[in-house]
Amino acid sequence: MTGWEELTSTALVGTDRRPYQGDLLEAAAVEVARRRAGHTVGEAERQEPAPHEERAAVGRRAAERLARIMGGEHERLLPEWLAAAAGAGRRVPPYVLPELLERGRRDRSIRVHLGVLAGQRGRWLAGLNPAWDYLLEEPTGETWELGGAADRRAHLRALRGADPAQARQLLESTWERETPDDRAEFVELLADGLSMADEPFLESALDDRRREVRQAAANLLTRLPESRMSQRMAGRARACVAIEGNVIAVEAPKDCDKAMERDGIRPKPPRGIGERAWWLQQVLARAPLAIWGRPPARLLEMRIRDWDAEVKAAWVRAAILQKDPEWARAMFGWDPIADLLDSLPPDEQQELAADFVKKHDLDSQLIMVLGGVSSYWREGLATAVLRKIVKVATTQPWNLGELVKLAGERIDPDLFPLVLSYSPMESIQQVAALLRFRADMYKELRP
């Protein structure tokens, strides 16, 4: 622990157990200002004390469990603990703030809830230490008019869920004043509740100067088959592909004009892909899937004379972009990638993943498919995974580490009794122990 961390931790201990006077935290402010911000001691002494907290801190047992997680016990559960604590409307105890903010500096994935969980003291500290000022960009609950970028995203997301039209109108009213980065992120939030009522606004966003804004708008318009952009893509796709009997004839685009670029086609291919193949994939991925006039399972049986891999890769991308369950289901059977599961209802995700586990050997692809299941694993998928663990434990016990961890992290913790009684095998008992740890974690965080 550095001198700064030691001093700040000392300053923060016990601040929830007495009326805050500011003395110790002001001493920490002097230290952080001198060591990290380059201020003189005199400047640091003039720092305002941390404001009073509005949210209650988590209870003692929950705080102790957080300290254990941060100390290395089931460390991968930290994002889950933070999400659960934020969902309960709590904040972290002050004495963990220095280490937690430092972790957030290194790991962006845990920042999403820190704006709330760190409370007023956390934001106060972030204002003093430049290494932690990322926290000032995380949501705090402020309004659209007064909040920072993260607060405004959170506000727009909540409003979009309640009243999609009002959310779009609010965004339109301030659109010209938004920064390019904010515009791109705001457009992505319109995915929730997307409808043809959003089409005029999204069509206009295709003319934005920022490429990320144009891409985000094009991705959403791809999900609207009646949109003008989708119809333009349909025309381009028909010019590339003809179906005659059981044969699909393909001619890739010979160039990428400005109109194609406006509609989200990126002209420069990634390394290893030719230009025409790249343009073909993008056109077919953004064309409405209905233009094919046949079920995806039937199309996959047909012969594609040229560009076979490119056409099928485009269909995978189209199923993902357009959130089409029938196509996602069919393309998962052809190329079982985790992103396709996101287009399917949670129950079907679990069923497909369970079937994949039963038929597939334990490898990185199986782990990725399991990671693509969006909800906690219920009994069917959990049992399939437990059976796989038992089977692999007898033949390749050295290969089980990641699957055991993933099972403990993703199985519904309410299934702890089922897992505990499933087998006395050590690897199964490791899964059960982690489920018990998580079940207790949620119990401690309940109001």
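**Surface, confidence and packing in a predicted model**

Q: How much area does the protein chain expose, and what share of it do carbon and sulfur atoms supply?
A: The protein chain of this predicted model exposes about 21700 Å². Of that area, the share supplied by carbon and sulfur atoms is 50%.

Q: What percentage of the residues in the protein chain is buried?
A: The protein chain has 447 residues. A residue counts as buried when its relative accessible area is under 20%. On that cut-off, the buried part of the chain is 50%.

Q: In which helix of the protein chain is confidence lowest?
A: Over the whole chain the mean pLDDT is 88, and 88% of the residues reach 70 or more. Helix H12 (residues 199-205) has the highest confidence, at 98. At the other end, with a mean of 43 over residues 23-37, is helix H2.

Q: How many contacts does the model have for residues 36-42, beyond near neighbours in sequence?
A: The pLDDT of this stretch is below 50. Where pLDDT is low, the predicted coordinates should not be read in detail. With that caution, the number of contacts for residues 36-42 beyond near neighbours in sequence is 14.

Q: Are helices H20 and H21 roughly parallel or roughly antiparallel?
A: The axes of H20 (residues 346-359) and H21 (residues 364-371) come within 10 Å and cross at roughly 165°. Angles over 145 degrees count as roughly antiparallel. H20 and H21 are therefore roughly antiparallel.

Q: Which residues in H21 do Ala-353, Phe-356 and Val-357 meet?
A: Ala-353, Phe-356 and Val-357 belong to H20, whose crossing with H21 is left-handed. On the H21 side, the residues they meet are Gln-365, Leu-366, Val-369 and Leu-370.

Q: Is Asp-414 buried or exposed?
A: Asp-414 lies in the loop between helix H23 (401-410) and helix H24 (416-422). Its relative accessibility is 64%, and the cut-off for exposed is over 50%. Asp-414 therefore counts as exposed.

Q: What is the C-alpha to C-alpha distance between Asp-414 and Arg-378?
A: Along the sequence, Asp-414 and Arg-378 are 36 residues apart. In space, C-alpha to C-alpha, they are separated by 9.2 Å.

Q: What distance separates the C-alpha atoms of Pro-397 and Ser-427?
A: Pro-397 is in the loop between helix H22 (379-395) and H23, and is partly exposed, with a relative accessible area of 47%. Ser-427 is 30 residues from Pro-397 along the chain. Their C-alpha atoms are separated by 8.9 Å.

How values were computed
Residues are numbered from 1 along each chain as its sequence is written. This is a predicted model: local features need pLDDT of at least 70, side-chain atom pairs count only at pLDDT 80 or more; totals for chains, interfaces and linings use all residues. Side-chain values use heavy atoms; hydrogens and water are left out. pLDDT is the predictor's confidence in each residue, from 0 to 100. Helices (H or I, at least four residues) and strands (E, at least two) are DSSP runs, numbered from the N terminus. Contact means heavy atoms within 4.5 Å. Buried means under 20% relative accessible area, exposed over 50%, partly exposed in between (1.4 Å probe, protein chains only). Accessible areas come from the Shrake-Rupley method with a 1.4 Å probe; for residues, only the protein chains shown count as cover. Axes are lines fitted to C-alpha atoms, for helices over the stretch in contact, and angles run from 0 to 180 degrees between N-to-C directions. Angles under 35 degrees count as roughly parallel, over 145 as roughly antiparallel, 65 to 115 as roughly perpendicular and the rest as oblique. A crossing is left-handed if the near helix is turned anticlockwise from the far one by less than a right angle, and right-handed if clockwise.
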